[in-house]
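Here is a protein model to look through together. Keep the sequence and the 3D view side by side as you read.

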Amino acid sequence: AYYFQTKFEQGGQTYKESDIPEFERFRLGATFTFGYNTFNFNFYYSLNSFLDGASVNNEDLDLRTFQVGLMFYLL
């Protein structure tokens, strides 16, 4: 991730942040794709967490991405 920004709105107040030291910019993930001809399915699972060393109530946050997709090729 080269650039990121978070935005939180509540009760008429807005909070923006673009520099979070726990945010892991380098992403590693495993991808699996299979299919035949026109339809292809793909799966992605991130190997490292979004936030490195972040915790809430003394419990580590381990946020990971899992994506499932379907590609349709029209030639």
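What follows is a short tour of the strands, a few single residues and the charged pairs.

## Before we start

One thing to keep in mind: this is a predicted model.

## The sheet

Let's begin with the strands. Three of them make up an open sheet, in the order β3-β4-β7, and the pairing is antiparallel. The edges belong to β3 and β7: each has a single partner strand, so one side of each has no neighbour in the sheet. On average, neighbouring strands here are turned by 15° against each other, if you ignore direction.

Now zoom in on the pairs. β3 covers residues 29-36 and β4 covers residues 39-46, and eight bridges hold this antiparallel pair. One match to find is Phe 34, whose bridge partner in β4 is Phe 41. On to β7, residues 66-72: this strand runs antiparallel to β4, and seven bridges join the two. Across this pair, Asn 42 stands opposite Gly 69 of β7, while Asn 40 stands opposite Met 71.

## A buried asparagine

Asn 40 deserves a stop of its own. You'll find Asn 40 in strand β4. Is Asn 40 buried or exposed? Its relative accessible area is 11%, and since buried means under 20%, Asn 40 counts as buried.

Which residues does Asn 40 touch, once neighbours within four places in sequence are set aside? The contacts are Phe 34, Gly 35, Gly 69, Leu 70, Met 71 and Tyr 73. Met 71 is also the residue that stands opposite Asn 40 in β7.

## Two asparagines with positive phi

Next, a bit of backbone. Most residues other than glycine have a negative phi. Asn 37 isn't a glycine, yet its phi is positive, at about 60°. Look for Asn 37 in the loop between β3 and β4; the hairpin of these strands has two residues between them. With 61% relative accessibility, Asn 37 counts as exposed.

Asn 58 is another case: a residue other than glycine with a positive phi near 60°. Asn 58 sits in the loop between β5 (55-56) and β6 (59-60). A relative accessible area of 80% makes Asn 58 exposed.

## Charged pairs

Side chains of opposite charge can pair when their charged atoms come close. How many salt bridges turn up in a search of the whole structure? The search finds two.

One salt bridge links Lys 7 and Glu 9, with the closest N and O atoms 3.1 Å apart. Lys 7 has 52% relative accessibility and counts as exposed. Glu 9, at 51%, counts as exposed too. In another salt bridge, the side chains of Asp 62 and Arg 64 meet at 3.2 Å, N to O. Arg 64 counts as partly exposed, with 35% relative accessibility.

## Over to Lys 16

Last stop: Lys 16, in strand β2 (residues 13-17). Setting aside neighbours within four places in sequence, Lys 16 is in contact with Gln 5, Thr 6 and Lys 7. That last name should ring a bell, as Lys 7 forms the salt bridge with Glu 9.

How far is Lys 16 from Leu 75, going by their C-alpha atoms? The two are separated by 43 Å, and they lie 59 residues apart along the chain.

Technical notes
Residues numbered from 1 in each chain as written. Predicted model: local features only at pLDDT ≥ 70, side-chain atom pairs only at ≥ 80, totals over all residues. Heavy atoms only, no water. Salt bridge = Lys/Arg side-chain N within 4 Å of Asp/Glu carboxyl O. Buried < 20%, exposed > 50% of the residue type's maximum accessible area, 1.4 Å probe, protein only. Pairing = 2+ DSSP bridges. Helix = DSSP H or I, 4+ residues; strand = E, 2+ residues; numbered from the N terminus. Contact = heavy atoms within 4.5 Å. Axes fitted to C-alpha atoms, helices over the stretch in contact; angles between N-to-C directions.
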